[in-house]
Amino acid sequence: MPKFDSYVICTSPRSGSTLLCKLLAATGISGKPESYFHTPSADDWAKALDLTLTDAASEQEALAEIFEAVRAKGRGNTSIFGLRLQRHSVDYFLQKLAQLHPGHTTDLPRFEAAFGRAAFIHLTRMDKVEQAVSYLKAEQTGLWHQAPDGTELERISPPAPPQYDAAAIQERYDRFQAFVTDGAAGSRLRAFIRSVSPMKRSRLTRLAHCVICWTGLVWSEGPLRV
């Protein structure tokens, strides 16, 4: 029996979380972790879930419906719920969580009221310069994810060449570095820090195995592949 009912990958962009989430989902036993609360908008959450909320529903009723749909999506016919939560999403998410569970006075009991016993994994990219460059390059080129063979997996704008921009790199570096020193995201959810290099696919595969073992799941199907 799993030690936890849910787990959260707490992270920031260009840290390897997309591949980690795919590896975990590919096991068929560890839920389907995705960024269900990515944008700071409950309306956007509902739209992404294909929910049609009635005008008569109160905000708390609407949130309850959204969270119920997220639980179903993130569990994916398994025994555990998976979620990816990026730093820019945390504050708004916690505000709505407080509205949904006003009977609890702190974040962790609210989270566990919504998703059960929870494990928190803080996935971070140690080299913040690499992270800043990777993020800016994705913004400039429009290509966010690419397979090892060069196949484009996620493009959000037409192709464009990358350009060196020292000021833009510095701004993004400062932003990602602030995530490290910002106690709000980590301490409010009491995240356990696990650091890996996102450019090493083999290390993320090992981390996926660690998450499975740590949460009390059993995996015996051989190497993970996506």
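These are my notebook entries on a predicted model of a single chain.

**Entry 1: overall make-up**

I began with the chain as a whole, and its secondary structure comes to 9 helices and 6 strands. I then looked up burial, and found that buried residues make up 44% of the 226 residues in the chain. The chain exposes about 11,900 Å², and carbon and sulfur atoms supply 53% of that area. For contacts between residues at least 6 apart in sequence, I noted that 71% join residues at least 24 apart.

**Entry 2: the nonpolar cores**

Next I asked which residues touch the most other members of the largest nonpolar core. That core holds 28 residues, and the ones in question are Phe37, Ile66, Phe67, Phe93, Phe111 and Phe115. The elements that give two or more residues to this core are strand 1 (6-11), helix 2, helix 3 (59-75), strand 2 (81-86), helix 4 (87-100), helix 5 (107-115) and strand 3 (118-124). Helix 4 provides the largest share of the core, with 6 residues.

I followed one of these residues, phenylalanine 111, through its contacts beyond four places in sequence, and the list runs to Ser6, Val8, Leu83, Phe93, Leu97, Gly116, Ala118 and Phe120. I also recorded a second, separate core of 17 residues, which includes Tyr7, Ile80, Leu207 and Val211.

**Entry 3: serine 35**

I placed serine 35 in the loop between helix 1 (17-26) and helix 2 (42-48). Which residues does serine 35 contact once its neighbours within four places in sequence are left aside? They are Arg84 and Gln86, and with arginine 84 the side chain of serine 35 makes a polar contact of 2.7 Å.

**Entry 4: the hairpin of strands 4 and 5**

I turned to strand 4 (residues 143-146) and strand 5 (residues 152-155), which run antiparallel and are joined by 3 bridges. In this pairing glutamine 146 stands opposite glutamate 152 of strand 5. The two strands form a hairpin with 5 residues between them, and in the turn glycine 150 has a positive phi of about 95 degrees.

**Entry 5: positive phi outside glycine**

I kept a separate entry for backbone angles, since most residues other than glycine have a negative phi. Aspartate 50 departs from that pattern with a positive phi near 60 degrees, and I found this residue in the loop between helix 2 and helix 3. Is aspartate 50 buried or exposed? Aspartate 50 counts as exposed because its relative accessibility is 67%, above the 50% cut-off.

Asparagine 77 is another residue that is not a glycine yet has a positive phi, here of about 65 degrees. I located asparagine 77 in the loop between helix 3 and strand 2, and asparagine 77 is exposed, with a relative accessible area of 85%.

**Entry 6: cysteines**

Last, I wanted to know how many disulfides a search of the whole structure finds. The search returns 0 disulfides. I looked up the burial of two cysteines as well: cysteine 10 counts as buried because its relative accessibility is 9%, and cysteine 21 is also buried, with a relative accessible area of 6%. Both values fall under the 20% cut-off for a buried residue.

Notes: Residues numbered from 1 in each chain as written. Predicted model: local features only at pLDDT ≥ 70, side-chain atom pairs only at ≥ 80, totals over all residues. Heavy atoms only, no water. Helix = DSSP H or I, 4+ residues; strand = E, 2+ residues; numbered from the N terminus. Buried < 20%, exposed > 50% of the residue type's maximum accessible area, 1.4 Å probe, protein only. Contact = heavy atoms within 4.5 Å. Areas by Shrake-Rupley, 256 points an atom, 1.4 Å probe, with all protein chains shown as cover. Polar contact = N/O pair within 3.5 Å; in protein donor to acceptor, adjacent residues only side chain to side chain. Core = buried A, V, L, I, M, F, W, Y, C linked by side-chain atoms within 4.5 Å. Pairing = 2+ DSSP bridges. Disulfide = S-S within 2.5 Å.
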